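Please open the structure in your viewer and keep the selection tool at hand, since each stop on this tour begins with something to select.

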Amino acid sequence: MTRDINGLHHTSVLTRDLDGLANVYHSFGFVLSPRSRHLLSKSEGAGRDPVPTCTANRCALFGDSYIELLGIVDESAPDPWRARAVADRYEGFQAVAFETDDARSSGRRLAAAGLPASDVVELERGAATREGRRTLRARFIHLDPAATDEGRVGIAQHLTREYVHQPHYLDHPNGARGIDGVLIVADDPVFTEVVDRYARILGAPPRYEGPVAGLEMGRGRLEVVRASAAGEVLPGEPAPAPSYLAAMTIRVEDVGVARDVVERNGTATRATEDGFFVSARDTLGAGLFFTAR
């Protein structure tokens, strides 16, 4: 299989209360970037100013990946990604993006693999840096959401990485250093189809460990578990849909330090084999595994 996917680019948690979600992640010991409004380039050429969309974000940045807290901040603004319709279904862990160095090449590969996707979209948003205001630019491909019931899936290419992963945002009190993995729950009748789809998206063969199919990337791991077996890895967790993005794994320097930060700020945790877990009920929709592996 062709491997043009480097790893996880970012995950997105969608909300209509961006300030409330940011407060939750602050309490877990994450440093967040300032609020930034998303802009959509109308077309190439002079005199075509980007248009503000209905969403803004704040991000927990790790140097190679990030968690995006994505908020609907203007219900009347353009909504090119149908964020309002997604939030109407349910708010929470709604999107994952994989990283590439060449979005156009990745788009051609997706098409050759029979995976319906958008054209490459040019994205911009403002970024505050210590040298002043800068424009963050990226290229993005959206897979057809009708083909990914579990959530929005995309492939992203940084064009201005230095404006995203700024060093002063990378030192988190909980010691977070990156997103190690994403866990998807797939409805039993479509489990094999979902695993096959991600094998084609990532260019990686699945390896099965009990009820879980794992797909390795250059950085990070994607796991898919059957809904009927989800309780084995996510005991007691809510199921917002038949198939859904369920949890992400955060790599930290010291599990004990991270757990102390989370619990000291009032959120219960559950011990796991190599760290601890915070329920999606306490994170506004995305289960969080913390590990030092």
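A polar contact is a pair of N or O atoms within 3.5 Å, where, within protein, one atom must be able to donate a hydrogen and the other to accept it. Keep in mind throughout that this is a predicted model.

With that term in hand, select Arg109, which you will find in helix H3, residues 103-112. A polar atom of the Arg109 side chain lies 2.7 Å from the backbone oxygen of Ile201. Is Arg109 buried or exposed? Its relative accessibility is 14%, and because buried means under 20%, Arg109 counts as buried. Now add Asp4 to the selection: Arg109 forms a salt bridge with Asp4, and the closest N and O atoms of the two are 2.3 Å apart. This pair links distant parts of the chain, with Arg109 in helix H3 and Asp4 in the segment before E1, 105 residues apart. Asp4, like Arg109, is buried.

A search of the whole structure finds 20 salt bridges, and two others can be visited here. Select Arg219 and Asp64, whose side chains meet in a salt bridge at 3.6 Å, N to O. Arg219 sits in the loop between E11 and E12, while Asp64 sits in the loop between E3 and E4, 155 residues apart. Arg219 counts as partly exposed at 26% relative accessibility, and Asp64 counts as partly exposed at 21%. If you add Glu99 and Arg161 to these two, you have selected four residues that are linked in a network of salt bridges.

Next, select Arg251 and Asp180, whose side chains meet in a salt bridge at 2.5 Å, N to O. Here Arg251 belongs to strand E13 and Asp180 to strand E9 (residues 176-186), 71 residues apart. On which side of the 20% cut-off for buried does each partner fall? Arg251, at 23% relative accessibility, counts as partly exposed, whereas Asp180, at 17%, counts as buried.

Strands E9 and E13 lead to the sheet, so widen the view to the eight strands that form an open sheet in the order E10-E11-E12-E9-E13-E16-E15-E14, with mixed pairing. Strand E10 (207-209) and strand E14 (270-272) stand at the edges, and because each has a single partner strand, one side of each is left without a neighbour in the sheet. From one strand to the next, the twist averages 25 degrees. Zoom in on strand E11 (residues 212-216) and strand E12 (residues 221-226), which run antiparallel and are joined by five bridges; there, Gly214 stands opposite Glu223 in E12. Then select helix H7, which lies across E13, E14, E15 and E16 and runs at about 25 degrees to E15.

The structure holds seven aromatic pairs. Select Phe277 and Phe289, which form a tilted pair, 4.5 Å centre to centre with 45 degrees between the planes. Phe277 lies in strand E15 and Phe289 in strand E16, 12 residues apart, and both are buried.

For the last stop, select helix H1 (residues 18-27), where seven of the 10 residues are buried. Among them are Leu18, Leu21, Val24 and Tyr25. The buried residues of H1 pack against strands E1, E3, E4 and E16 and against helix H7. Tyr25 also belongs to one aromatic cluster with Phe28, Phe30, Phe62, Phe276 and Phe290. Finally, step to Gly29, which follows H1 and has a positive phi, near 95 degrees.

Notes:
Residues numbered from 1 in each chain as written. Predicted model: local features only at pLDDT ≥ 70, side-chain atom pairs only at ≥ 80, totals over all residues. Heavy atoms only, no water. Buried < 20%, exposed > 50% of the residue type's maximum accessible area, 1.4 Å probe, protein only. Helix = DSSP H or I, 4+ residues; strand = E, 2+ residues; numbered from the N terminus. Contact = heavy atoms within 4.5 Å. Pairing = 2+ DSSP bridges. Axes fitted to C-alpha atoms, helices over the stretch in contact; angles between N-to-C directions. Phe/Tyr/Trp six-rings, centres within 6.5 Å; stacked < 30°, edge-to-face > 60°.
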